[in-house]
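Reader: Please give me a close look at a single part of this model and of what surrounds it. I would then like to see how that part sits within the wider description of the chains.

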Amino acid sequence: MGDAIPAARTAAGGLPLLLHVQGVSKGFPGVKALEDMQLDLHAGEVLALVGENGAGKSTLMKLLTGVYTVDEGEFFLNGEPYEPVSPKQAQDLGISIIHQEFNLMADLTVAQNIFIGREPRGSRFFLNERRLNAQAGELIERLHLPLRPKQLVGSLTVAKQQMVEIAKALSYDAKLLIMDEPTAALNDAEVEVLHDLIRRFVRPDTGVVYISHRIDELRRIADRITVMRDGRYVGTRETPETTMKEVISMMVGRDISGEAKPVGARADREVLLEVSGLSTKALLKDVTFELRKGEILGFAGLMGAGRTEVARAVVGADKINAGTIRLRGREIQIHNPADAAKHRIGYLSEDRKQFGLLIEQEVNANIGLSALRERFQSYGFVKDKAMRATSEEYVGTLSIKTPSVAQTVKNLSGGNQQKVVIAKWLAKDCDILIFDEPTRGIDVGAKEEIYRLLNELAQQGKSIIMISSELPEILRMAHRIVVMSEGRVTGTLDSDGATQETVMHYATLRPDEHPEDAAEIGLTEPALSGTGTTNSEET
Amino acid sequence: MTASAAIGEPQEQRTGVKAAATGLKDRLQQFLAFASLITIFVFFSIASSNFLNYSNVTAILFSTVVIGTLALGTTFVIITGGIDLSIGTGMSLCAVISGVLIVKTGVPVLLGVIGAVLFGGLIGLVNGFNVAVLKIPPFIATLAMMLVAQGLALVLSHSTPIYFSKSPSYTSISTGHLFGVNFPNAVLVLAVAAVVSAVMLNKTVLGRYTYSIGSNEEATALSGISTRRWKIIIYTLAGLFIGLAGVMISARLASAQPGTGMGYELQAIAAVVIGGTSLSGGKGSIVGTVIGALIISTLNNGLQIMSIAQEWQNVILGIVILVAVYADMARKRAV
């Protein structure tokens, strides 16, 4: 297993490697997080580092940035031995890291965030706000970022917040930039912008370590791909000379069966949920769609198109201004998520930690939460045994990897946390499950399991709405795809005819400016289904 | 902290160890709180010969009743991530209500007691409405209620104490001896209230939702639970305890003192916090709260016996709160 990296600390041309990791091991009580890890980063390249959750990527990055110290092995930076003792020291030596979760102050401006801790002073005690903004403006200019120094970070989109993080990292004059899952929260257009930025950053004397779960994008950005598994180095491939299938099988240590299309078209199935004319004050305009029994209905669109807002409006988490919701032909009123749950509609948020889980509580308490009053009580007393039995059953059927149902949820991996949320709604016996980015932050192997689970649920007659920013995922999973742009539905496609290009086309339509354009395309686009949800029929 | 090396470890790598330790950890927490109580007890027993005897221990228990009762209800509120500042003056108001009903209106004692307790529930209901429906932050909502209750207590009593001298059965609620032995009823009331609270918190749907709201209110709501309704219920429950405390304090003093409640809320909150309940919500226990209340009253009693001035007692109590909460946090990080 594994390709041996020559022990040389220089690249082919005799230049020192920007970063050379040699035989690094790190253990924690009871577990070996890294063992004999190696990695080479040439100056001027983008190296992708991939591996499942728990493979040891984060540990390696923490060692590199001086958060932990190594047990064994060595780092070399530009050929010099490098033993970081603190994140500050790493930063001084030109190593910057952008964490998956941003370290930004929402109530401060872009400029204040970028130069936090290094604010230009007017005198000993007073800040020089003008110089701060000027410096930030210069930096933003140099990086061609669509930001303004005085914008409040809290008012920016996720993508722009990330740009602030990048600007901050580069303002330290970084030579080595480490990016941990930089695209986890971005849509495809934003990923393009980010990749542009990275390409501009990479010069002959700088390099990027790019950690990602989104295998599909590596081909577009990485020069080489290093794979790790279970704390060990598996191998490195030149991107043009490998296939993504190979990379994935290196990551998981086995072959992934790959492209399972959803089973059969469902046009004949009964319509379970009809949403029509749904509007909210903030964003949604006249959103209309239907969901059939046993169907996976994909919701595609760019960030901010309103997909999550549709889900939240349907389950009563946000107030609606207009529109009707019919369940099995009967109009229903949903004022809050409790009403939605009564009608057996469950919402699985993209942000599991904030909106899906009681992260500090047990698996058991989480699975039993929604169905508590219905299934696990008598006269107000909790039937703990019944609840535990049910939780254990779901741990089994969904193969949730946990030592017991008494385990605290925060100790589970992302994929298993997602399954706990699914179990919660299955325990409630939901007919309609709305998944918002079901595989966000979940590693490749676990993703496959979630996909399989979604297909199984659909086969059992559950109706699923799947909101996703990953087009290949939607194209692969959904029977039909609703595409949104700027709060409106701009197209509903059958997955048979849909391609990334057609979906992106509808996702980038500006419904307000070119309604006639949408209509025209609606008529000429064969992939459109005639369900009355396009702009052509609305206007 | 010698365990600092373990603090930064990635979570996922401690899975196995943590799983086994979870149940043990909770028990350890209570055990340590209990151990501190014993330590304080032993200290005063050695420091003063007047401390450890039946009548003084009974006196400690007796003086725990009011703070303890308030702290029980507050435990629920604090576990939801809220706070209730109105419990002290609310208690005075309920005491006054009891006085107005029994002394001034001549209502039978039992009905007067029920009326006072229900009035406490009403205070809690209003708090709950303000917090859950109007979405006023609990600190502000109950701060306002604290002032309203203070004022109403003075208005209704014309700023003078109401004496229960003609209702000996009322005072016996607190000072009587139900089982003949020299053991005040008030302590039994607290014990029963504590057991009922513990059962509610640990065994009922209400308790489960109390924890889940405190762990993550938004996720709880999105799980199809009407957090609004349950928060109103929880504040109302805390209000019932305010009413009960009002009865207990006025029965003990044989009078409703309209102006004395202010300050009790902080003692009760201190008891809850010393008992290991997290002010950020999601964690806590009734056993801890009872131990916390006992620690406070033991300290007050012991320091008094050692003739330490009231002013210094407050200083010491303040330090105890800091030490207790810091130790609790350090313990949680270390495990």
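Author: The account below begins with one helix of chain B, moves to its partners, and ends with chain A.

The model is predicted, and for this reason local features are reported at pLDDT of at least 70 and side-chain atom pairs at pLDDT 80 or more, while totals for chains, interfaces and linings use all residues. Residues are numbered from 1 along each chain as its sequence is written, and chains are lettered from A and ligands numbered from 1 in the order in which they are written.

The part chosen is helix α6 of chain B, residues 138-157. Helices (H or I, at least four residues) and strands (E, at least two) are DSSP runs, numbered from the N terminus. Helix α6(B) has 20 residues, which at 1.5 Å a residue should span 28 Å, and the C-alpha atoms at its ends are indeed 28 Å apart. The expected span is taken as 1.5 Å times one less than the number of residues. Just beyond the helix comes H158(B), with a positive phi near 50 degrees.

Which residues of α6(B) are buried? They are P138(B), A141(B), T142(B), M145(B), M146(B), A149(B), Q150(B), A153(B) and S157(B). Burial here is counted from C-beta atoms placed from the backbone: a residue is buried if 20 or more others lie within 10 Å of its own, exposed if 12 or fewer, and partly exposed in between. An α-helix has 3.6 residues a turn, so residues three or four places apart point the same way. The cover over the buried residues of α6(B) includes α4 (87-104), α5 (109-133), β1 (162-163), β2 (255-256) and α12 (264-274) of chain B.

Among these elements, α4(B) can be described in detail. Its axis lies 8 Å from that of α6(B), and the two helices pack at an angle of about 25 degrees. Axes are lines fitted to C-alpha atoms, for helices over the stretch in contact, and angles run from 0 to 180 degrees between N-to-C directions. The angle makes α4(B) roughly parallel to α6(B); the classes are roughly parallel under 35 degrees, roughly antiparallel over 145, roughly perpendicular from 65 to 115, and oblique for the rest. The crossing is left-handed, a term used when the near helix is turned anticlockwise from the far one by less than a right angle, with right-handed used if clockwise.

The contact (C-beta atoms, placed from the backbone, within 7 Å) involves G88(B), T89(B), G90(B), S92(B), L93(B), V96(B), G99(B) and V100(B) on the α4(B) side. Facing them in α6(B) are M145(B), M146(B), A149(B), Q150(B), L152(B), A153(B), L156(B) and S157(B). The residues of this contact comprise 9 nonpolar, 7 polar and no charged. In this scheme Ala, Val, Leu, Ile, Met, Phe, Trp, Tyr, Cys and Pro count as nonpolar, Asp, Glu, Lys and Arg as charged, and the others, Gly among them, as polar.

Another covering element, α5(B), has 25 residues and reaches 35 Å from first to last C-alpha, close to the 36 Å expected at 1.5 Å a residue. Just after α5(B), K135(B) adopts a positive phi of about 60 degrees.

Elsewhere in chain B, helix α3 (residues 54-79) packs with helix α11 (residues 227-253) at an angle of about 175 degrees, with axes 8 Å apart. These helices are therefore roughly antiparallel to each other. Their contact has 17 nonpolar, 3 polar and no charged residues. Among its members are V65(B), L72(B) and F76(B) in α3(B), and Y235(B), F241(B) and M248(B) in α11(B).

Chain B as a whole has 14 helices and 2 strands, and 50% of its 335 residues count as buried. Of its contacts between residues at least 6 apart in sequence, 78% join residues at least 24 apart.

Chain A has 20 helices and 22 strands, and 48% of its 539 residues count as buried. The share of contacts joining residues at least 24 apart, among those at least 6 apart in sequence, is 67% in chain A. L493(A), in strand β22 (residues 488-494), is buried, with 26 other C-beta atoms within 10 Å. In contrast, Y379(A) is exposed, with 6 such atoms within 10 Å. Y379(A) occupies the loop between β17 (377-378) and β18 (381-382) of chain A, and has a positive phi of about 50 degrees although it is not a glycine.

Key: Two residues are in contact if their C-beta atoms, placed from the backbone, lie within 7 Å.
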